[in-house]
Amino acid sequence: MNRAQVRPGDGHRRGDRFRDRREAGRQLADALRGFAPRHPVVLGLPRGGVPVADEVAAALDAPLDVLVVRKLGLPRQPEVAMGAVGEGDAVVWNDDVVRSSGVGASERRRIEVRERAEVEARVGRFRGGRPAVDLAGRTAIVVDDGVATGATARVACRIARELGASEVVLAVPVGPPEVIAGLREADEVVCLEQPDSFMAVGMHYVDFGQTPDDEVVAVLRERAT
């Protein structure tokens with residue numbers, strides 16, 4: 001399909017801030033119920049996307065897993081993503097950021113190797129030895145707490161498809177409209193808020209505190225039992 005659609009959740013008014021990630025997850029679940037995905041698997045992007053995904057998985061009565069990706073930040077501005085890496089060999093580069101930054105190929109490679117090692121470490125830590133949920137023939141619903149540049153979301157969608165998902169849906173509470181419209185790696189994008197004045201994901205939450213690793217581990221363990 002490769003189309004982006006805005007599906008506002010019940011009770012969510014445009015321009016309102018989400019109270020926290022849990023509330024955002026419940027709003028996303030309201031929107032996702034509307035088109036009843038086939039055999040869904042919900043994949044939270046650690047760490048902040050996992051509590052959002054937990055609410056979605058509970059509402060859809062679907063399995064929950066993580067899809068581990070890491071931002072490739074600029075050397076002197078690590079919060080600015082020039083790309084992202086994920087499980088396996090998946091990598092996405094934000095060409096505009098790479099060109100404007102002047103970061104050379106060898107430096108990009110060094111950052112990629114470092115972040116790829118962190119991906120593998122986090123996979124082991126979060127899943128605790130449990131196998132990944134099989135995506136073959138299922139609808140993978142990739143969930144994060146928001147989208148900024150889209151680099152992480154794009155690589156996550158690619159990984160889900162490489163792992164056998166028959167359809168990939170990206171579900172996020174908020175993101176800039178130009179980025180949401182360009183996320184063609186997903187078959188469908190569900191986004192509650194697309195503010196023209198978007199500056200940062202956290203500005204659209206009342207509580208945007210960091211999600212600790214222990215919370216991610218606990219959520220996944222509880223869903224697996």
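The paragraphs below go through a predicted model, taking the annotated domain, then helix 1, Val-52 and strand 9.

The UniProt record, an unreviewed entry, places the feature "domain: Phosphoribosyltransferase" at residues 38–178. Over residues 38–178 the chain is 40% helix and 25% strand, and the C-alpha atoms at the two ends are 28 Å apart.

Helix 1 covers residues 21–33. At 1.5 Å a residue, its 13 residues should span 18 Å, and the end C-alpha atoms are 18 Å apart, so the expected and computed spans agree. At the start of this helix, a side-chain oxygen of Asp-20 comes to within 3.2 Å of the backbone nitrogen of Arg-22. The buried residues of helix 1 are Arg-21, Glu-23, Ala-24, Gly-25, Gln-27, Leu-28, Ala-29, Ala-31 and Leu-32. They pack against helix 2 (49–60), strand 7 (139–143), strand 8 (167–174) and strand 9 (188–193).

Val-52 belongs to helix 2 and is buried, with a relative accessible area of 0%. Leaving aside neighbours within four places in sequence, Val-52 is in contact with Arg-21, Ala-24, Gly-25 and Leu-28, among others. The contacts of Val-52 also include Val-143, Asp-144, Asp-145 and Pro-173. Between the C-alpha atoms of Val-52 and Arg-22 there is a separation of 5.4 Å, although the two residues lie 30 residues apart along the chain.

Strand 8 and strand 9 run parallel and are joined by five bridges. In strand 9, Glu-193 is the bridge partner of Val-174. Six of the six residues of strand 9 are buried, so this strand is largely enclosed by the rest of the structure.

Methods. Residues numbered from 1 in each chain as written. Predicted model: local features only at pLDDT ≥ 70, side-chain atom pairs only at ≥ 80, totals over all residues. Heavy atoms only, no water. UniProt positions renumbered as here; feature names shortened; annotations may be inferred. Helix = DSSP H or I, 4+ residues; strand = E, 2+ residues; numbered from the N terminus. Expected span 1.5 Å × (residues − 1). Buried < 20%, exposed > 50% of the residue type's maximum accessible area, 1.4 Å probe, protein only. Contact = heavy atoms within 4.5 Å. Polar contact = N/O pair within 3.5 Å; in protein donor to acceptor, adjacent residues only side chain to side chain. Pairing = 2+ DSSP bridges.
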